[in-house]
Amino acid sequence: MYEPEETKCVFVEGLEVFAHHGFTAEEQQLGHRFRFDLEVQVPADSEWGIDSFADTVDYVDLAAIVQEVAAGGRVRLVETLAARVLDLVEERLPHATGARVKVAKLQPPVPGVVAAAGVVLERRWSRTGR
């Protein structure tokens, strides 16, 4: 018999922040605009039809995590920002079973006209005691 497989995600897309991260001292002093896309997986057996936060995550919490990381201590690499976002998702959101974050530095200091450059990091974890 056919058993449908579901993937359930909550996301925040296109969250832009101005922050002082970058490889060079000049980048860290001047700052940049960054764009974050964050997608968080919840268990497929989550009861989404009950109209309650009981089995999901709040996208307001996702935005707060991104803003906290962006405003935190200065880092040189967008890879570090991505890892810190996923660390906080795993630590603070008990219903999350995985996440994917895209961090883009808008108009990076590279030759030519470039809209954005960045990284994507995806992580899965298992939750026990659910």
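## Helix α3 and its cover

The buried residues of α3 (buried meaning under 20% relative accessible area with a 1.4 Å probe, protein chains only) are covered by elements that include β2 (32–42), α2 (59–71), β3 (98–106) and β4 (116–124). These buried residues are Val78, Leu81, Ala82, Val85, Leu86, Leu88 and Val89. Seen down the axis of α3, they fall within an arc of 160°, so they line one face of the helix; the arc is that of the directions from the helix axis to the C-beta atoms.

Helix α3 comprises 15 residues (78–92), which at 1.5 Å a residue should span 21 Å, and its end C-alpha atoms are indeed 21 Å apart. The expected span is 1.5 Å times one less than the number of residues.

## Basis of the model

This is a predicted model, in which local features need pLDDT of at least 70 and side-chain atom pairs count only at pLDDT 80 or more, while totals for chains, interfaces and linings use all residues. Residues are numbered from 1 along each chain as its sequence is written, and side-chain values use heavy atoms, with hydrogens and water left out.

## Nonpolar core

The largest nonpolar core (buried Ala, Val, Leu, Ile, Met, Phe, Trp, Tyr and Cys residues joined through side-chain atoms within 4.5 Å) has 32 residues. Phe36, Leu38, Val89 and Val103 have the most contacts inside this core. At least two core residues come from each of β1 (8–19), β2, α2, α3 and β3, and α3 supplies the largest share, 7 residues.

## Overall architecture

The protein has 3 helices and 4 strands, in the order β-α-β-α-α-β-β from the N terminus. Helices (H or I, at least four residues) and strands (E, at least two) are DSSP runs. Of its 130 residues, 38% count as buried.

Conventions. Buried < 20%, exposed > 50% of the residue type's maximum accessible area, 1.4 Å probe, protein only. Contact = heavy atoms within 4.5 Å.
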